[in-house]
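Please look over the sequence and the model before reading on. The report below is meant for someone meeting this structure without any background.

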Amino acid sequence: MMRAVILAAGDGGRLGEQTQDVPKPLIQAGGRPLIDYTLEALAKAGVGEGVVVVGYRAEQLKAGIDATPHADLRIRFVANERFHAGASLSLRAARAACGEEPFLLLMADHMLSAPILRRLLAARPAMGVSLVATDASAWPDAYNTEATRVVFEPGTMNVASIGKGLAPWDALDTGAFLLDPSVWEAVDSAPEDCELSVIFQELARRGQLEGVDVSGASWYDVDTVEDLEAAQRVVAGGDR
């Protein structure tokens, strides 16, 4: 059974007043919570279990997720009590739930679609190699500025570098990963409290991270009020 870990512990401070009383994953876009788009995508892609890492307003988030079930997708929750710190702590919190099998890693504020997950799951990486779904489409400059960028080794999909502010770059990181259990070695070698890009850059340094092109598939990362407004337009069928 394929398992997905969804990081949903942060306080969403960049959305200002909108997250004072509501956890970010429950903020509405198109009449639905942000996280609901990813949960629906998991169900459509045939993923059996979602492990949601909660922290900020945890009980409220759990209730909101339980109120919108998706058939055949079992949800369980794990807690990150240090949710104000780096996202690495949320990944570490999910470790015991992941076992020794490959797993999807997703972000609760990235509105993903099923084609992205299907393409990741259909890929056949070499043993010990993890995958990141990448998008080489043209995006507005304002979006590119905030996005995590990916650089490939020339003529390949092997990730040479991943992080914000890279220039030039080849594609954007959609926030969807298929991680081999060897990722925990990179986690152990990284600072306990760090951003995920530190861990993924270590995978790239080891030659253990490859891109999967999902260009054209629907997704949107919501970090700011402006992002949320743009996501509303995407849901309504407008330009991204």
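What follows describes the overall build, then the open and enclosed spaces, then some charged pairs, and lastly one serine.

## Overall build

The model is predicted. The protein contains nine helices and 13 strands, and its C-alpha trace extends over about 45 × 40 × 30 Å along the principal axes. For 240 residues, a compact globule would be expected to have a radius of gyration near 18 Å, and the 17 Å found for the protein agrees with that. Of these 240 residues, 54% are buried. Among the contacts with a separation of 6 or more, 75% are made by residues 24 or more positions apart in the chain.

## Pockets and a cavity

Rolling a probe the size of a water molecule over the atoms shows where empty space is left. The table sets out the three spaces described here.

| Space | Volume | Lining by class |
|---|---|---|
| Largest pocket | about 990 Å³ | 16 nonpolar, 11 polar and 10 charged residues |
| Second largest pocket | about 220 Å³ | nine nonpolar, two polar and two charged residues |
| Largest cavity | about 40 Å³ | two nonpolar, no polar and four charged residues |

The largest pocket, with a volume of about 990 Å³, is lined by 37 residues, of which Ala87, Met107, Asp109, Glu195 and Asp223 are the closest to its centre. Two or more residues of this lining come from each of helix 6 (141-146), strand 10 (159-164), strand 11 (171-179), helix 8 and strand 13 (219-221).

The second largest pocket has 13 lining residues, and those nearest its centre are Tyr37, Met111, Leu112, Ser113 and Ser218. Here the elements that supply two or more residues are helix 1 (34-44), strand 7, strand 13 and helix 9 (225-235). Helix 1 contributes the most to this lining, with four residues.

The structure also holds one cavity of 30 Å³ or more. The lining of the largest cavity is made up of Tyr143, Glu146, Ala147, Asp221, Asp223 and Asp227, and four of these lining residues are charged, while two are nonpolar. Asp223 thus appears twice in this account, as a residue that lines the largest cavity and as one of the residues closest to the centre of the largest pocket.

## Charged pairs

Side chains of opposite charge can pair when their charged atoms come close. The count of salt bridges in this model comes to 14, and three of the pairs are described here.

Lys24 and Asp109 form a salt bridge in which the closest N and O atoms are 2.7 Å apart. This pair links distant parts of the chain, since Lys24 belongs to the loop between strand 1 (3-7) and strand 2 (28-29), whereas Asp109 belongs to the loop between strand 6 (103-107) and strand 7 (110-112), 85 residues apart. Both Lys24 and Asp109 are buried.

A second salt bridge brings together the side chains of Arg82 and Glu192, at 3.3 Å from N to O. This pair, too, links distant parts of the chain: Arg82 is in the loop between strand 5 (74-79) and helix 3 (88-93), and Glu192 is in the loop between helix 7 (183-189) and helix 8 (196-205), 110 residues apart. Arg82 counts as partly exposed because its relative accessibility is 43%, and Glu192 counts as partly exposed because its value is 46%.

In the third pair, the side chains of Glu202 and Arg205 meet at 2.7 Å, N to O. These two residues are three residues apart in helix 8, so about one helical turn separates Glu202 from Arg205. Glu202 is buried, with a relative accessible area of 15%, whereas Arg205, at 60% relative accessibility, counts as exposed. Elsewhere, Arg3, Glu49, Arg74 and Arg76 are joined into one network by salt bridges that share partners.

## One serine in context

Where does Ser88 lie? Ser88 is part of helix 3, and it counts as buried because its relative accessibility is 1%. Leaving aside neighbours within four places in sequence, Ser88 is in contact with Pro191, Glu192, Asp193, Cys194, Leu196 and Ile199. One of these contacts, Glu192, is also the salt-bridge partner of Arg82. Ser88 and Pro154, by contrast, are 66 residues apart in sequence and 29 Å apart in space, taken from C-alpha to C-alpha.

Technical notes
Residues numbered from 1 in each chain as written. Predicted model: local features only at pLDDT ≥ 70, side-chain atom pairs only at ≥ 80, totals over all residues. Heavy atoms only, no water. 1 Å grid on protein atoms, 1.4 Å probe; cavity = no way out; pocket = protein on both sides within 12 Å on 5 of 7 lines; lining within 4 Å. Points joined across faces, edges and corners; volume = space filled by probe spheres on them. Nonpolar A, V, L, I, M, F, W, Y, C, P; charged D, E, K, R; others polar. Salt bridge = Lys/Arg side-chain N within 4 Å of Asp/Glu carboxyl O. Buried < 20%, exposed > 50% of the residue type's maximum accessible area, 1.4 Å probe, protein only. Rg over C-alpha atoms; globule rule 2.2 N^0.38 Å. Contact = heavy atoms within 4.5 Å.
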